[in-house]
Structure formats: C-alpha cells, structure tokens
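Me: I have a two-chain model open and would like to talk through the terms used to describe it. Could you take my questions one by one?

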Amino acid sequence: MLPIGHYLFLSLALFIIGAIGVITRRNVIVVLMSIELILNAVNINLVAFSRLYGDVAGQVFALFIIADAAAEAAVGLGIIIAFFRNRETVLADEMDLLKW
Amino acid sequence: MLDKVIFYFFSGIAVGGAVLTVTRRNAVHSAIFLITSLLATAGIFLQLRAEFLFIVQIILYVGGIMVLFVFVIMLVNLDVAVRQIQFARQKWVALVIALALAAQVGLMLWSSAKMPGQGLPVLAAAPANQLPLNSEEVAKSLFDSYLLPFEIASVLLLVAMIGAVVMAKKRT
C-alpha cells in the first residue's frame, strides 16, 4: 500500500465535499446523499489503518458503519416521503414549522 | 508503481464524483454521480486488500441504498423542484467551515510531523502475498470479539425497518 497520508488526504477531501453539500444544498434528498459521502470517507480511513496495522478490526467497524448508513437512509427517506405527503416540498428551508 | 496508478485513478474518480454529486441541479444526476463515487471507493478498498468490504460496498451501497434513493426521487415528483434555486444562501458559511476543517487537519498533520516520533506512522504494511484470507479474518473477528455489537447492529436494522414502514405508511 501507499503511505498512509495519501488515504488520509483522500478521506479528508471526500469528508469536506460532503460537509459542504450538507450545508449548502436545499434539497433534502441531496443532503442525505452528502451524509452518505461523509460516512464513506470515514470508511476509507478505517480500512487504510486496518491494512497498515494488519488488524482486521477496522474492517469490522467499517461494516458496522455501512449497516448504520443503510438504517439512516431507510429512516431518512421514510421521513422525506411522510413530509412530502403533508407539505408538497423537499426543500430544507421550507421546513420551518418550528422556526420562530 | 502500479499501486500508485490504481490509487490515483480511483481517488480521482471518487473526488470528481463527489464534487458532481454536490453541485448537480437534478437529484437523479446527483444519485448517478454518487454511485460513481461509491464504486471508486470500492476500488480503493480492493487496492487495500479488503475484498469482503469491496463486495459489501457494491452489493449494499450501490445495489441497496442507491435503489432506495432513486425510488424515493421517483416518488417525490421533482419536476418543479429542479427549476427552483438549489443552493441555500449559506455559501460563505460553508466555505468558512470547509476551510476551517481543512486547516485543522492540516495543522494537526504538520505539527505532529514536527514532534520526534509523533508523526504519521511510517511502519511498512505487511506484503500483500502474506496476508491471511480476508473474509475468514473478518468473520472470525466479527463473530468472536465483536459478537455483541453485531447483535446490536441487527436490532438497529430491525428498528430502522419498522420505523421506515411506519413513517412511509398512509395515515388511516
């Protein structure tokens, strides 16, 4: 494998792009996709260190994160469907019922 | 050398796909570029000799989660939404946060390299032809040391399934 810094910088780049997507996009579905990008960046870190130290525990935790991402996507998309049925929109800044 | 070519090929696709995911107007295009980025990440897992995660990434992320996304995009009709403004007025906040994040990690890497013996680990990884079989090792670790987290994860998936059904159900 390459030196660990390569993988860390790739992971950092993906994480920052995902964070920018979460903050700037108005469409809630794309915000959920950006969260998937962030989780994926974390997985790269875990697998790279698992390979470096020859310990498979990092890959096991990456598996748990993938299971988490699946659960999060299922519940999040269910919420989006329920919200769209009530308000006919998927834009984040129109979800302002609790805003004073 | 070959390792380097493979790494830069896949990481270029991954970063490009991520950028396009965040910037495209149409949510379907975003979904397609997200699939590209996730597949390139699967390639990087393979380059790191994590064969089991490579397969799981393709089957679960690209086969499962992305179908869910595309299905929901189809359900919520987005013809109107595409013509609306896609970006909130938080561009500068996002830029500041991204720069702060990059500066924080960069400073951490730079300052840890200054301290003797404290930089990034430089020990060489085991050569690829001496690694134990990947799927067997993952299974051993998963069902031996991490049995309780495994069971908790299955309960979490059950809860998420029930939650998704209740959320998406028509109110009667």
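**From terms to values**

Reply: Gladly! In chain A, 51% of the 100 residues are buried, where buried asks for 20 or more other C-beta atoms within 10 Å of a residue's own, exposed for 12 or fewer, and partly exposed for a number in between, with C-beta atoms placed from the backbone. This is a predicted model, in which local features need pLDDT of at least 70 and side-chain atom pairs count only at pLDDT 80 or more, while totals for chains, interfaces and linings use all residues. Residues are numbered from 1 along each chain as its sequence is written, and chains are lettered from A and ligands numbered from 1 in the order in which they are written.

Me: What share of the residues in chain B is buried?

Reply: In chain B, 21% of the 172 residues are buried.

Me: What makes up the secondary structure of each chain?

Reply: Chain A has three helices and zero strands, and chain B has seven helices and zero strands. Here helices (H or I, at least four residues) and strands (E, at least two) are DSSP runs, numbered from the N terminus.

Me: How do you know how chain A stands against a compact globule of 100 residues?

Reply: Such a globule would have a radius of gyration near 13 Å, but chain A has 17 Å. The radius is taken over C-alpha atoms, and the globule rule is 2.2 Å times the number of residues to the power 0.38. The C-alpha trace of chain A spans about 50 × 25 × 20 Å along its principal axes.

Me: How many residues of each chain are in contact with the other chain?

Reply: 58 residues of chain A are in contact with 68 residues of chain B; two residues are in contact if their C-beta atoms, placed from the backbone, lie within 7 Å. Helix 1 (4-24), helix 2 (28-53) and helix 3 (57-87) of chain A each supply at least two residues of the side that touches chain B. Helix 3 of chain A gives the most, with 21 residues. By class, this side of chain A has 42 nonpolar, eleven polar and five charged residues. Ala, Val, Leu, Ile, Met, Phe, Trp, Tyr, Cys and Pro count as nonpolar, Asp, Glu, Lys and Arg as charged, and the others, Gly among them, as polar.

Me: Why are helix 2 of chain A and helix 3 of chain B called roughly antiparallel?

Reply: They pack at an angle of about 175°, with their axes 12 Å apart. Angles under 35 degrees count as roughly parallel, over 145 as roughly antiparallel, 65 to 115 as roughly perpendicular and the rest as oblique, so the two helices are roughly antiparallel to each other. Axes are lines fitted to C-alpha atoms, for helices over the stretch in contact, and angles run from 0 to 180 degrees between N-to-C directions. The contact involves Ile29(A), Met33(A), Glu36(A) and Val47(A) on one helix, and Leu53(B), Ile65(B), Phe69(B), Val72(B) and Ile73(B) on the other. By class, this contact has eight nonpolar, no polar and one charged residues.

Me: Why is Leu99(B) called exposed?

Reply: Leu99(B) has 11 other C-beta atoms within 10 Å, so it falls in the exposed class. Leu99(B) is found in helix 5 (residues 91-114) of chain B. That helix is hardly covered, with one buried residue among its 24 residues.

Me: How do you know that the span of helix 5 of chain B agrees with the expected one?

Reply: The expected span of a helix is 1.5 Å times one less than its number of residues. For the 24 residues of helix 5 of chain B this gives 34 Å, and the end C-alpha atoms are 34 Å apart, so the two agree.

Me: And why does Phe61(A) count as partly exposed?

Reply: Phe61(A) has 18 C-beta neighbours inside 10 Å, so it belongs to the partly exposed class. Phe61(A) lies in helix 3 of chain A.

Me: What makes Arg49(B) worth a look, and where is it found?

Reply: Arg49(B) has a positive phi of about 60° although it is not a glycine. Arg49(B) is found in the loop between helix 2 and helix 3 of chain B. With 19 other C-beta atoms within 10 Å, Arg49(B) is partly exposed.
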